[in-house]
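Here are some notes to read with the model open beside you. Take the points in order and find each residue as you go.

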Amino acid sequence: ALAYEGEPRRGPGWVVDAPAAVRHLGKEAYAAYDLEDLNQMLRLMWIRKAFAATKLLIVTDRLGKAPFGLSSAAYDFDRLHKLYGMRYHNISNQDIVTEMERIIHSAEKQRDVEDFASNLMARAGAVHMSKEHIIHSCNFYFAVRHFMKQQVCNAFTIECREICPLEIAAHYQFTPCMTLSLLKDAGYPAVCQTDINALLTMMTLSYFGRRTVYMGNPDFFARDNTVTIFHDVAGLKMKGFDQPDAPYELRNFTVGGWGVTLRYDFNRDKGEKVTIARFNPAGDRILVTRGEILNGFGLDQISCSLGVRVKVPDARTLFKKSTNYGGHLVMAYGDHVQDICDLSELMPFEVETVC
């Protein structure tokens, strides 16, 4: 039911009567105060449906265990299915290797890969790598897209700290960074290091803002209430899927010159409002705060170095509360704190804010 609009706005009593009766019967029912409220309800219901329609492709040999170096990451996928309806499909590291070998030894596929790499290089503002090294990471990207299409998956993660000790990354001279960025730009949530907490957060923020979302390692600075977030998974659509690609550079992740990363200069966005958040290991509670970008850093460095410094309301409190949520933080352009609070009324998670 939709309340009458007028000046001043009012919500007539009869509008709330029907949903009260229906809810008493254990059924779902809502009343919209005005058209703006109705549109928000429809948006929230769409996001809930998107969660239920998510099928995650996971590359790991350790399904059902916390990933190396990230003890806080959720790994009970059956629980996530009960909470949100999400499904998953697991493939092994060897499965990825086998598919990459198929692509590498197919003349037709290699032509496609080379064309893709050439296009990526042509659109970049600067290229600091050889085309050969870029092709290696494109081979991995094509392998991942093959399995996502085959298994009808619309989200992705890989255990980075498995493929490195197994020397898979070094042998084939790729890192997942570029693939994660490009998948997010295509509307497929994708996270580093099998961080499912970050995935849930990324889905929430990406669906609200209809844009690519950044994630990374945090540092907290209580002296000036700032937080830094640094990784190498910037996207080209962080301002919106319907916006032009952001300017980027192609830089290597490793000292050996391989491992493609898409580098974006966050200094371009000083003063931009952002939302920072993370789900807890149980996947039923989210920590969220507002922020403002102060500057970027690490554009020309290797490893997980590309970062952004954000002014937040209370860095010390955010640090202390993060002990219940864990590692990476997720950042999206725009203020979505109230959106997340609204969504929690329709979905089975609670919200903790630092505002």
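1. Start with Leu-38, which counts as partly exposed at 30% relative accessibility. You'll find Leu-38 in helix α2, which covers residues 35-52. Keep in mind throughout that this is a predicted model.

2. Now look at the company Leu-38 keeps. Leu-35, Leu-38 and Leu-42 make a nonpolar patch on the surface, about 250 Å² in area.

3. For a patch of another kind, go to helix α5 (residues 107-123), where Asp-112 sits. Which residues gather with Asp-112 in a patch of negative charge? They are Glu-108, Glu-114 and Asp-115, and the patch is on the surface. Asp-112 itself has a relative accessible area of 35%, so call it partly exposed.

4. Next, is Cys-192 buried or exposed? Cys-192 counts as buried, because its relative accessibility is 6% and the cut-off for buried is under 20%. Look for Cys-192 in the loop that runs between β5 (190-191) and α10 (196-209).

5. What does Cys-192 touch, once you leave aside its neighbours within four places in sequence? The contacts are Thr-157, Ile-158, Cys-160, Leu-180, Met-215, His-231 and Val-233. If you'd like a distance to try in your viewer, take Cys-192 and Pro-247: their C-alpha atoms are separated by 22 Å, and the two residues are 55 apart along the chain.

6. One of those contacts, His-231, deserves its own stop. His-231 is in the loop between β7 (226-230) and β8 (249-252). With a relative accessible area of 5%, His-231 is buried. Not counting residues up to four places away in sequence, His-231 touches Cys-192, Tyr-214, Met-215, Gly-216, Asn-217, Cys-304, Ser-305, Leu-306 and His-328. Notice that Met-215 is on this list and is in contact with Cys-192 too.

7. Time for salt bridges. How many does a search of the whole structure find? The search finds 14. One of them pairs Asp-245 with Lys-237, and the closest N and O atoms are 3.0 Å apart. The partners sit in unlike surroundings: Asp-245 is partly exposed, with a relative accessible area of 36%, whereas Lys-237 is buried at 15%.

8. Compare that with Arg-251 and Glu-249. They form a salt bridge as well, with the closest N and O atoms 3.1 Å apart. Here Arg-251 is buried, and Glu-249 is buried too.

9. Then there's the pair Arg-290 and Asp-335, whose side chains meet in a salt bridge with an N to O distance of 2.6 Å. Arg-290 belongs to strand β11 (residues 285-297) and Asp-335 to the loop between β13 (329-333) and α12 (337-344), so this pair ties together parts that are 45 residues apart in sequence. Arg-290 is partly exposed, with a relative accessible area of 33%. Asp-335 is also partly exposed, with a relative accessible area of 41%.

10. Finally, salt bridges needn't stand alone as pairs. Which residues do salt bridges with shared partners join into one network? Arg-285, Lys-321, Glu-350 and Glu-352 are joined in this way. Try picking out these residues in your viewer before you move on.

Technical notes
Residues are numbered from 1 along each chain as its sequence is written. This is a predicted model: local features need pLDDT of at least 70, side-chain atom pairs count only at pLDDT 80 or more; totals for chains, interfaces and linings use all residues. Side-chain values use heavy atoms; hydrogens and water are left out. Patches are made of residues with over 30% relative accessible area and no salt bridge: like charges are joined within 9 Å, nonpolar side chains (Val, Leu, Ile, Met, Phe, Trp, Tyr) within 5 Å. Accessible areas come from the Shrake-Rupley method with a 1.4 Å probe; for residues, only the protein chains shown count as cover. A salt bridge is a side-chain nitrogen of Lys or Arg within 4 Å of a carboxyl oxygen of Asp or Glu. Lys and Arg count as positive and Asp and Glu as negative; His and the chain ends are not counted. The place of a charge is taken as NZ of Lys, CZ of Arg, CG of Asp or CD of Glu. Helices (H or I, at least four residues) and strands (E, at least two) are DSSP runs, numbered from the N terminus. Buried means under 20% relative accessible area, exposed over 50%, partly exposed in between (1.4 Å probe, protein chains only). Contact means heavy atoms within 4.5 Å.
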